[in-house]
Amino acid sequence: IPVIDIFAGPGGLGEGFRSLLDAHGRRVFKIALSIEKDKYAHQTLTLRSFFGQVEPAETPEEYYKCIRGEITLEKLNKTYPMQAAAAEEEAWQATLGDSKDAVSKYILDKRIKEALESEQNWLLIGGPPCQAYS
């Protein structure tokens, strides 16, 4: 089931959906698009998106080495270019709303439609602002 995750932060809410597995160990939900405006949260979101590009049992050891700081993110992305490109496409740094920095509703709609690939059944999730609950 494709998921559009708005106000994603570093991806915690989406991670909960992504972690649900079926009886065969496959993910039930696929994050189709995550949108976050904060630069640093977006960096984490993109790395977590890389993790989501493979089935849990097939996570490469290099991913964990990157998390531990043993290799760079650049090295991870060069080793797994397809997963890195998919993660970059999934995690979008953009501002939503009516502010002058916000993407247009046309561009937002276009990105969502592209991410859903004509799927009619999908889920929209959005996280509350972390600052209010910190």
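**Close-up views of the cores and the cavity**

**View 1. The largest nonpolar core.** Ten residues make up the largest nonpolar core: Ile-4, Ile-6, Ala-32, Leu-33, Ile-35, Trp-92, Ala-94, Leu-96, Ile-112 and Leu-116. Keep in mind that this is a predicted model. At least two residues of this core come from each of strand S1 (2–6), strand S2 (30–36) and helix H6 (105–116). S2 supplies the largest share, with three residues.

**View 2. Around Leu-96.** Here we zoom in on Leu-96, one of the residues of the largest nonpolar core. Which residues does Leu-96 touch, once its neighbours within four places in sequence are left aside? Leu-96 is in contact with Ile-6, Phe-7, Ile-35, Ala-102, Val-103 and Leu-108.

**View 3. A second core.** Eight residues form another core, separate from the one above. Among them are Phe-50, Phe-51, Cys-66 and Leu-76.

**View 4. The cavity.** How many cavities of 30 Å³ or more does the structure hold? There is one, and the largest cavity has about 40 Å³ of space in it.

**View 5. What lines the cavity.** The lining of the largest cavity is made of Asp-5, Pro-10, Gly-11, Gly-14, Glu-15, Arg-18, Ile-31, Ser-34, Leu-45 and Arg-48. Sorted by class, that is four charged, three polar and three nonpolar residues. Helix H1 (12–18), S2 and helix H2 (39–52) each chip in at least two lining residues. H1 gives the most, with three. S2 turns up in both places, then: in the lining of this cavity and in the largest nonpolar core.

Notes. Residues are numbered from 1 along each chain as its sequence is written. This is a predicted model: local features need pLDDT of at least 70, side-chain atom pairs count only at pLDDT 80 or more; totals for chains, interfaces and linings use all residues. Side-chain values use heavy atoms; hydrogens and water are left out. A nonpolar core is a set of buried Ala, Val, Leu, Ile, Met, Phe, Trp, Tyr and Cys residues joined through side-chain atoms within 4.5 Å. Buried means under 20% relative accessible area, exposed over 50%, partly exposed in between (1.4 Å probe, protein chains only). Helices (H or I, at least four residues) and strands (E, at least two) are DSSP runs, numbered from the N terminus. Contact means heavy atoms within 4.5 Å. On a 1 Å grid over the protein atoms alone, a cavity is a set of points where a 1.4 Å probe fits but cannot get out, and a pocket is an open set with protein on both sides within 12 Å along at least five of seven lines; lining residues have an atom within 4 Å of a point. Grid points are joined across faces, edges and corners, and a volume is the space filled by probe spheres set on the points. Ala, Val, Leu, Ile, Met, Phe, Trp, Tyr, Cys and Pro count as nonpolar, Asp, Glu, Lys and Arg as charged, and the others, Gly among them, as polar.
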